[in-house]
Each structure stands twice: as structure tokens, then as C-alpha cells.
Amino acid sequence: MKKQLKELLLRQTEANLEPWRLLPKHPPQQGWLKTIRSVLGMSNAQFAERLGMTRQASAALEKREREGTATLAALTKAADVLHCDLVYALVPRMALMSIIESQAWQTAAEEVSKTAHSMQLEAQETPPEEIEHLIR
């Protein structure tokens with residue numbers, strides 16, 4: 001039952017991730033905050049006032065967003081001021097099952113490699129094709 005539940009969760013997660021994979025991977029060059037603020041016709045001074053901070057602080061927030069160092073809390077507050085929602089997701093670069101299989105393969109290769117090295121030290125070298133078979 002536990003295996004079936006894990007497989008179901010994997011399939012559901014993959015289905016939920018599909019729309020996210022279609023989105024652009026990079027924000028606009030100026031960052032989302034400045035881009036949307038500009039499109040809305042909102043000055044930095046107006047943005048800062050609505051955020052309850054100085055113009056310098058709001059400009060620094062926009063800079064931190066571009067640099068990837070802004071906190072989620074700060075971005076959420078700024079998004080709200082812009083009548084937007086901050087949407088946050090981790091989007092795997094490949095199918096989750098491929099990641100699981102890759103990690104399992106790597107772990108198996110490390111374990112087999114340790115054993116093969118010990119055997120080699122004892123003058124009982126394992127042939128490469130046997131190592132490959134053990135990993136699989």
C-alpha cells in the first residue's frame with residue numbers, strides 16, 4: 001500500500017508541475033517589481049510610500065529582487081502593493097522519476113565502488129562488466 005501511495009503522490013506532483021515547466025525560467029531584466037510598477041505607471045516614490053519605506057529602500061528592494069537576494073516576505077509585501085500575488089515553486093529540471101533513478105544509480109555506484117576498491121586491495125579485482133552488473 002505504501003508503494004502505491006508513493007507512486008500516486010509522484011504522478012500527482014508531476015501533473016501539478018506540468019504548467020510550471022512551460023513558464024519562462026528567468027524574470028525580466030529589470031526584475032518583476034520594477035517592470036510591473038512601471039507598467040502600472042507607479043513611480044518609485046509612490047511605490048515606496050505604499051510599502052511604508054523610503055525611495056532608497058524601495059529601489060534597494062528592486063535591486064535585491066534582480067540579484068535574487070530579496071526575501072519572500074519582502075516580495076510578498078511588494079507584490080500585494082502592486083495588486084499581484086507572489087507565486088513560488090520549485091520546478092524540477094527533469095521528471096521526478098528520472099531524478100529518483102539517477103540518485104539511486106549514483107548511490108549504487110558509490111557502494112559498489114567502495115566494495116570493488118576493498119576487493120582490489122585484497123588482490124581480488126572485480127572486472128568492469130561485473131561492476132556494471134552490480135550497479136544495475
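Helices here are DSSP runs of H or I with at least four residues, strands are DSSP runs of E with at least two, and both are numbered from the N terminus. This is a predicted model, in which local features need pLDDT of at least 70, side-chain atom pairs count only at pLDDT 80 or more, and totals for chains, interfaces and linings use all residues. Residues are numbered from 1 along each chain as its sequence is written, and side-chain values use heavy atoms, leaving out hydrogens and water.

**The whole chain, before we zoom in.** The protein has seven helices and zero strands, so its elements read α-α-α-α-α-α-α from the N terminus on. Of its 136 residues, 19% are buried; buried means under 20% relative accessible area, exposed means over 50%, and partly exposed lies in between (1.4 Å probe, protein chains only). The protein exposes about 10,600 Å², with carbon and sulfur atoms supplying 57% of that area. Accessible areas come from the Shrake-Rupley method with a 1.4 Å probe, and for residues only the protein chains shown count as cover. Contact means heavy atoms within 4.5 Å. Take the contacts between residues at least 6 apart in sequence: 57% of them join residues at least 24 apart.

**Helix α1, from end to end.** Helix α1 covers residues 2-21. The expected span of a helix is 1.5 Å times one less than its number of residues. For the 20 residues of α1 this gives 28 Å, and the end C-alpha atoms are indeed 28 Å apart, so the two agree. While you follow the helix, look for Leu10, Glu14 and Leu17, which are buried in α1.

**A salt-bridge network at Glu14, Glu18 and Arg21****.** A salt bridge is a side-chain nitrogen of Lys or Arg within 4 Å of a carboxyl oxygen of Asp or Glu, and the structure holds four of them. Arg21 takes part in a bridge to Glu14, where the closest N and O atoms are 3.0 Å apart. Arg21 also bridges to Glu18, with the closest N and O atoms 3.8 Å apart. Arg21 and Glu18 are three residues apart in helix α1, so about one helical turn separates them. The three residues are linked in a network, in which Glu14 is buried at 17% relative accessible area. Arg21 is partly exposed at 22%, and Glu18 is partly exposed at 42%.

**Glu62, a buried acidic side chain in helix α4****.** Glu62 sits in α4, residues 55-67, and counts as buried because its relative accessibility is 4%. The side chains of Glu62 and Arg37 are joined by a polar contact of 2.6 Å. A polar contact is a pair of N or O atoms within 3.5 Å; within protein, one must be able to donate a hydrogen and the other to accept it, and residues adjacent in sequence count only if both atoms are side-chain atoms. Setting aside residues up to four places away in sequence, Glu62 touches Leu33, Lys34, Arg37 and Phe47.

**Another salt bridge in helix α4, between Lys63 and Glu67****.** The closest N and O atoms of Lys63 and Glu67 are 3.5 Å apart. These two residues are four apart in α4, so about one helical turn lies between them. Lys63 is partly exposed, at 44% relative accessible area.

**Arg50 and its partners from elsewhere in the sequence****.** Arg50 belongs to helix α3, residues 44-51. Leaving aside neighbours within four places in sequence, Arg50 contacts Met42 and Val81. Lys77 is 27 residues from Arg50 in sequence, with 9.9 Å between their C-alpha atoms.

**His83 and Leu90, in the loop between α5 and α6****.** This loop joins α5 (72-81) and α6 (96-121). Please pause at His83, whose phi is near 60 degrees, a positive value in a residue other than glycine. Most residues other than glycine have a negative phi. His83 counts as exposed, at 72% relative accessibility, and Leu90 is exposed as well, with 68%.

**A nonpolar surface patch that includes Leu90****.** Leu72, Leu86, Tyr88 and Leu90 make a patch of about 440 Å². Patches are made of residues with over 30% relative accessible area and no salt bridge; like charges are joined within 9 Å, and nonpolar side chains (Val, Leu, Ile, Met, Phe, Trp, Tyr) within 5 Å.
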